[in-house]
Structure formats: structure tokens, C-alpha cells
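I opened this model to look up a few residues and then the chain as a whole. The entries below are in the order in which I made them.

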Amino acid sequence: MALNPRAVSWRTEVDTLTVLLSQMQFTDRDRQALETDAAFQHWRDLTLELRRREGTIYLIGNGASASMASHFAADLAKNGHLHTQVFSDLSLLTAISNDVSYEDIFVIPLQRRGREGDMLISISSSGCSPNILKATRLARELDMTIVTLTGFSPDNPLRRIGDLNAYVAGTSYGHTETSHAAILHHWMDLVEVKS
């Protein structure tokens, strides 16, 4: 079996991720740049306030980002003592996709459950997924706190909607998704309840 001639070394992968994460950018709702640690602290404060009020954190994504949403919903519930929700029930997804449209798979449940002051975490490597954009715009109408995680183009539309927008300049799904997982883990560590 021949090796992939385009394969890169592990060191190159680590170096690429190091650059992406060290150059990750946060912006606010007005598209103003935020210092990274200050942005994480603000996200932490918003989350702790939400926990105090017993609000809900909704996490949405497609594909690997959907898996990430489920993963962090579980971690935040278990380790952060937060109420979380993902819309990953197969019956719900297929019913909405079949009877309405795939673009509405997150909007319909969010319309029924989302409340002012809740938090939506929208994860999309491209920042262009119609179902993510539609749900995030609804969250804005509901006056929810919105955090976006995107990559690829710095001008992607999702990055322009959130109150707090984490952007990595990854050009591949692997690098972008791995960076998003690191960002979410750091946030989760900041809100974890220590026993």
C-alpha cells in the first residue's frame, strides 16, 4: 500500500494548529476586535450569570460540529452544572427535514424553547450554513446571547451575527473543527464547578 504523497508530518499539523489557535480572533456584536483572554472572561461571566438564572445553553452545528455540540452540551451539564440542549434527536430532525425543510431543523425547536437571556452557541466551519444562520437570526430576535465559532473566510455571515464571535483562519475542516474543540474546552474549563 502506497503512502499518500501529500501526507504531512505530525509536527506540521501541530505547528498549523498552534498558529491557528494563537491567531484566533474574537469580535463583538459591533465587529470590534476583543483581546482573547478578555473575551473568554466575558464569555465565562455571561455563562455564570446564565447558570445563576437557570437559563439554557443551546448548541447547534452540522456534521462534526453537531457532534461537538452534543459533546460540549454533555460536558457543560455534567461539569458546569448548566442546563444545556442540542437538537440531535433523529426523529425530530427527520420530521422537520421531511415535513418542512432542512433549513428549519434548528429554528422550529428553538422557536418553541428559546427564551430571552438564554445562550445559543452556533458552530459552523464555513459560517455559511443556511440552517445555522436562520436559527442564529431567530436567537437575535429572541434576545438570546449568541456566541459563534467559525473559520474559512473572515467575512462569513455567521461571524457578523453573534455577541461574541470566535474565528479561526482555518481553511480545512480538520484544522477548523479541532480549533473549535480547543476553544470550547477552554470555555468549559473556565465554568467548570470544582468539587
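**Glu-54.** I looked first at the loop between helix 2 (36-53) and strand 3 (56-60), where Glu-54 is found. The model is a predicted one. Glu-54 is not a glycine, yet its phi is positive, at about 60 degrees. I then looked up its accessibility: at 71% relative accessible area, Glu-54 counts as exposed, because the cut-off for exposed is over 50%.

**Arg-31.** I noted a positive phi here too, about 70 degrees, in a residue that is not a glycine. Arg-31 sits in the loop between strand 1 (25-28) and strand 2 (33-34). Is Arg-31 buried or exposed? Its relative accessible area is 53%, so Arg-31 is exposed.

**Asp-118.** I went next to the loop between helix 5 (107-113) and strand 5 (119-123), which holds Asp-118. I found a relative accessible area of 6% for Asp-118, which means that this residue is buried. Which residues does Asp-118 contact, once neighbours within four places in sequence are left aside? I listed Leu-50, Gly-55, Thr-56, Tyr-58, Arg-113, Met-144 and Thr-145. For Thr-56 I also have a distance: the side chain of Asp-118 reaches the backbone nitrogen of Thr-56 at 3.1 Å. As a separate check I took the distance to Ala-7, which is 111 residues from Asp-118 in sequence. The C-alpha atoms of Asp-118 and Ala-7 are 43 Å apart in space.

**Glu-177 and Tyr-173.** I took these together, as both are in helix 7. Glu-177 is placed in helix 7, which runs over residues 173-191, and Tyr-173 lies in helix 7 as well. Glu-177 has a relative accessible area of 19%; buried means under 20%, so Glu-177 is counted as buried. Beyond four places in sequence, Glu-177 is in contact with Ala-64, Met-68 and Ser-125. With the same neighbours left aside, Tyr-173 contacts Ser-125, Phe-152 and Thr-178. I noted that Ser-125 is on the list for Glu-177 and on the list for Tyr-173. I also looked up Ser-124, which is 49 residues from Tyr-173 along the chain. The C-alpha atoms of Tyr-173 and Ser-124 are separated by 9.7 Å.

**Ser-70.** I found Ser-70 in helix 3, residues 64-80. Its relative accessibility is 28%, so Ser-70 counts as partly exposed. What does Ser-70 touch, not counting residues up to four places away in sequence? I found Val-86 and Ser-88. Ser-70 and Ser-88 are 18 residues apart along the chain, and their C-alpha atoms are separated by 7.7 Å.

**Ser-101.** I looked at the loop between helix 4 (90-99) and helix 5, where Ser-101 lies. At 22% relative accessibility, Ser-101 counts as partly exposed, because the buried class stops at under 20%. The side chain of Ser-101 makes a polar contact of 2.8 Å with the side chain of Asp-104. I also recorded Asn-131, 30 residues from Ser-101 in sequence, with a C-alpha to C-alpha distance of 9.3 Å.

**Whole chain.** I then moved from single residues to the fold. I counted seven helices and seven strands. Read from the N terminus on, the elements follow the order α-β-β-α-β-α-β-α-α-β-α-β-β-α. The radius of gyration is 17 Å, close to the 16 Å given by the globule rule for 195 residues, so the chain is as compact as a globular protein of that length. The C-alpha trace spans about 50 × 40 × 35 Å along its principal axes.

I looked up burial and contacts next. Of the 195 residues, 46% count as buried. Among contacts between residues at least 6 apart in sequence, 69% join residues at least 24 apart.

**Surface and charge.** I noted an accessible surface of about 10000 Å² for the chain, and 52% of that surface belongs to carbon and sulfur atoms. How many positive and negative side chains does the chain have? I have 18 positive and 23 negative, and the centres of the two sets lie 1 Å apart.

Notes:
Residues numbered from 1 in each chain as written. Predicted model: local features only at pLDDT ≥ 70, side-chain atom pairs only at ≥ 80, totals over all residues. Heavy atoms only, no water. Helix = DSSP H or I, 4+ residues; strand = E, 2+ residues; numbered from the N terminus. Buried < 20%, exposed > 50% of the residue type's maximum accessible area, 1.4 Å probe, protein only. Contact = heavy atoms within 4.5 Å. Polar contact = N/O pair within 3.5 Å; in protein donor to acceptor, adjacent residues only side chain to side chain. Rg over C-alpha atoms; globule rule 2.2 N^0.38 Å. Areas by Shrake-Rupley, 256 points an atom, 1.4 Å probe, with all protein chains shown as cover. Lys, Arg positive; Asp, Glu negative; His and termini not counted. Charge placed at Lys NZ, Arg CZ, Asp CG, Glu CD.
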